[in-house]
Amino acid sequence: MDQELLLEETRRANTLLKKQLLWARISAALLAALLGAVVIFFGGLAHSVEQIVTLLDTLELPALSARLSEVDFAALSRQLSQLDFSAVSEQLSELDMDAVNDMLTAMERQLSQMDVQAFNEAVAKLNNAVDALQSASDAVKSWGDNLSGLFGR
């Protein structure tokens, strides 16, 4: 009877040990995953800090400081305090955004209907006309220079 009791106690102890082993493995896996996440997080953080330090090294802080010392913050503060934000807000609220949107939509519609090829051809013709006028102007100027040379000027 003692052996059966001892055998039963051993089975219960083995079952308990198996459960504890399972939970220990689960805990170890979770801790390993957590440690991996922490390492990845701090690795990314270290990379970001390195980039920030590199950017800060490229800044010319003395020049920036000198420029900031030239700013008259008291005058800037006075000018800002003189702004009437309620009037600005009223003007913005009076702006008819629907009308602006309607106008932009109509303009977009007109632009989409525009014959771009015809416009490009017209611009090309205009450029040719300007070139011809420039050539004519240069010829008249050349004649004028030649005529002024005849009269001793």
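A residue counts as buried when its relative accessible area is under 20%, as exposed when it is over 50%, and as partly exposed in between. Keep that in mind as we walk through this predicted model. Arginine 11, for one, has a relative accessible area of 47%, so it lands in the partly exposed group.

**How confident is the prediction?**

The mean pLDDT of the protein chain is 82, and 94% of its residues reach 70 or more. Confidence varies along the chain, though: among its elements, helix H1 has the highest mean pLDDT, at 88, while helix H2 has the lowest, at 77.

**A little network of charges**

Let's start in helix H1. Side chains of opposite charge can pair when their charged atoms come close. The structure holds three salt bridges, and here they are:

| Pair | Closest N to O distance |
|---|---|
| Glutamate 8 and arginine 11 | 4.0 Å |
| Glutamate 8 and arginine 12 | 3.9 Å |
| Arginine 12 and glutamate 9 | 3.1 Å |

Glu8, Glu9, Arg11 and Arg12 are linked together as a network. How far apart along helix H1 are glutamate 8 and arginine 11? They sit three residues apart, which means about one helical turn separates them. Glutamate 8 and arginine 12 are four residues apart in that helix, again about one turn. Arginine 12 and glutamate 9, also in helix H1, are three residues apart, about one turn as well.

What about their exposure? Glutamate 8 has a relative accessible area of 34%, so it is partly exposed. Glutamate 9 is partly exposed too, because its relative accessibility is 40%. Arginine 12 comes in at 48%, so it also counts as partly exposed.

**A nonpolar patch on the surface**

Now for something without charges. A nonpolar surface patch of about 1100 Å² includes Ile52, Leu56, Leu64, Phe73 and Phe85 among its residues. Which elements give two or more residues to this patch? They are helix H1 (2-58), helix H2 (61-69) and helix H3 (73-82).

Leucine 64, one of the patch residues, lies in helix H2. Is leucine 64 buried or partly exposed? Its relative accessibility is 44%, so it counts as partly exposed.

**Out to helix H4**

Finally, look at glutamate 94, which is in helix H4 (residues 85-94). Its relative accessible area is 62%, so glutamate 94 is exposed. Compare its position with threonine 54: the two are 40 residues apart in sequence, and their C-alpha atoms are 48 Å apart in space.

Key. Residues numbered from 1 in each chain as written. Predicted model: local features only at pLDDT ≥ 70, side-chain atom pairs only at ≥ 80, totals over all residues. Heavy atoms only, no water. Patch = residues over 30% accessible without salt bridge, like charges linked within 9 Å, V, L, I, M, F, W, Y side chains within 5 Å. Areas by Shrake-Rupley, 256 points an atom, 1.4 Å probe, with all protein chains shown as cover. Salt bridge = Lys/Arg side-chain N within 4 Å of Asp/Glu carboxyl O. Buried < 20%, exposed > 50% of the residue type's maximum accessible area, 1.4 Å probe, protein only. pLDDT = per-residue confidence, 0-100.
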